[in-house]
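Grab a pencil and open the viewer. Here are some short exercises, each with a worked solution.

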Amino acid sequence: MTTRTPTDNTTDTTEVTTATAPVVPLPHAAARAITVAGSALALVGTFLAWTWTDEFPGNLTVTGYPGGLQVLTLVGAVLTLLFALSGYGIRGLGWLTPGGTNSPVLLSALGVLGTTGYTLGAISQELGGLVNLEPGAWVSGAGALVAVVGALGLPADQPYGEDEPAPGLWSRIRHVLTAPEPGRAKELPAWAEILIIAAGFGIGLYVFAYGIGTEYSELFIGFLVTAAFGFTAVVRAGLLKRLSALTAKHRNVTLAAAFVAAICFPFTQSNDQFALIGANILIFATVALGLNVVVGLAGLLDLGYVAFLGVGAYAAALVSGSPQSAIGVQFPFWAAVLTGAVASLIFGVVIGAPTLRLRGDYLAIVTLGFGEIFRITMNNLNGNSGPDVTNGSNGIPNIPDLEIFGFNLGVPHDVLGHELTRSGNYYLLMLLFTAVVVMVFRRSAESRIGRAWVAIREDETAATAMGINGFRLKLLAFALGACLAGLAGTVQAHVSYSVTPEQYQFAGSVPPNSAFLLAAVILGGMGTISGPLIGAALLYLIPAKLQFMAEYQLLLFGIALMLLMRFRPEGLVADRRKQLEFHETGQLDVPDDKPLPDGATGVAKAGA
């Protein structure tokens, strides 16, 4: 069997054998035409009414103006259409697919089908049957299905392995996750590369702001489906590799662009509740990055890490000037931050010194015990079971807002014509703390101490044999991680107005807790900077938006971790070491034992 497929986005003259045969036996030209027609049909359907009543959220009754979930289908259809047209070699579209040509088409088409199908099902379930669907819904649904069928008729971007079975539906969908690496990009002027980086971060900010600003759960679920398939399609198209190459070339510009985009976030939100979610995400992400020092770099499994966040929060609350504080003093902001960070560091040293001689599961059990001991102790310091220090289970409420150089973070401020709310103020403060933690993590990881941590993580016995003081360096990692968590805890105490022992559990439905922090590091990618930040954002944002699923949260959380361990054990953002560790590279661990050529001189074992 032979068909034709483009490999350089400029021609349709490359033969395709059964090694790249599609699932649906269609001629290549017909399959691409069907995909284009189906995505165009799905696009047209978004401009028609999908239901007759506005009882379904998003008001999908308007013709000529897409709204709510229709917008997500529209975006997915446009993306599918662009990827499909890029395969024709149309001038000006070839840059869209420097890597895979057909894989992005199928992935984006599946995203359109998933979002549209979910919307049709939600309308039928909430309004009482398929009879409530208007023609626009059927047009988009049919178009999305046709686009998927056409995409399944496109050949695979890479040939199947010799040990793989004949391509069926499931094997084709799994195989679509692989795509060829993009070639070397054409050299561009520095200003053009910087503009591309800025545009990339601008798109990322818009997508994040849209997701966090979704006002109802149906829209957020549709956003997750569209974002997941769309992001995967962009990755397989090779666009992310190209952007990563530019960011690696302009690292300082990239960091500046990232923080400028983050600074702009509160100004994009009209609802103070969404800015508060952003501030809490930064707190969660900063603590996860501190845990990444302990788990990701040094390889120490800490199951009670949230206790260090609690130490910093309680220390800041006691010196905040709260009427319920047992100390009754009010430190300035900088002194309160130092108090929380130093208190957590001291606890890290005190707990780590006698326990870090343990390894593996034994260390995990001891740290889990410390986390529970902290929570129980805070409960018992209530004046009855112990001294009246923390007010027991009632915690320390009425923590006043911070005031920095006369700038009161508790009241709104007008900045360049935009109102910056209380949550926006604390978001920007926490962003500054996140920048400090990122800098500390980056410098530590690239230092001699960071390399020693990695050596201990990989093989402590070998590292010790090479002269590395394992205990001292593990204690340093434990203390640094605790200090970073305490730093975030000082801000958390003021953001939430109060601190209570129940906020700092091993596992619970509301993050941050030790289980979710550890999952954020593993989900995002251990040992990386962006990995824990992305993992923490996902693990905080999804529960906050899907509160109706709170009863099943831990179940879904466990299922997600199992799927991650099966399909991407290195995490969403993995460093090169983890990719080589978890995936086959085709290289032998031990080189072939080849005989020496005639006339060559070897080394005898006895004299080696």
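What follows is three exercises on burial, contacts and helix length.

This is a predicted model, where local features need pLDDT of at least 70, side-chain atom pairs count only at pLDDT 80 or more, and totals for chains, interfaces and linings use all residues. Residues are numbered from 1 along each chain as its sequence is written, and side-chain values use heavy atoms, leaving out hydrogens and water.

**Exercise 1.** Work out whether Thr490 is buried or exposed, and list what Thr490 touches.

*Solution.* Start with the cut-offs: buried means under 20% relative accessible area, exposed over 50%, partly exposed in between (1.4 Å probe, protein chains only). Thr490 has a relative accessible area of 3%, so Thr490 is buried. Next, find Thr490 in helix α17; helices are DSSP runs (H or I, at least four residues), numbered from the N terminus. Now the contacts (heavy atoms within 4.5 Å): skipping residues up to four places away in sequence, Thr490 touches Gly312, Ala313, Ala316, Ala336, Val337, Gly340 and Phe433.

**Exercise 2.** Do the same for Asp54: buried or exposed?

*Solution.* Asp54 sits in the loop between α1 (28-45) and α2 (69-86). Its relative accessible area is 56%, so Asp54 is exposed. Leaving aside neighbours within four places in sequence, Asp54 contacts Asn59 and Thr61.

**Exercise 3.** Check the span of α13 and find what its buried residues pack against.

*Solution.* Helix α13 (residues 360-380) has 21 residues. The expected span is 1.5 Å times one less than the number of residues, and α13 reaches 31 Å from first C-alpha to last, close to the expected 30 Å. Its buried residues, including Phe370 and Phe374, pack against α11 (306-318), α12 and α17 (470-495).

Key
Helices (H or I, at least four residues) and strands (E, at least two) are DSSP runs, numbered from the N terminus.
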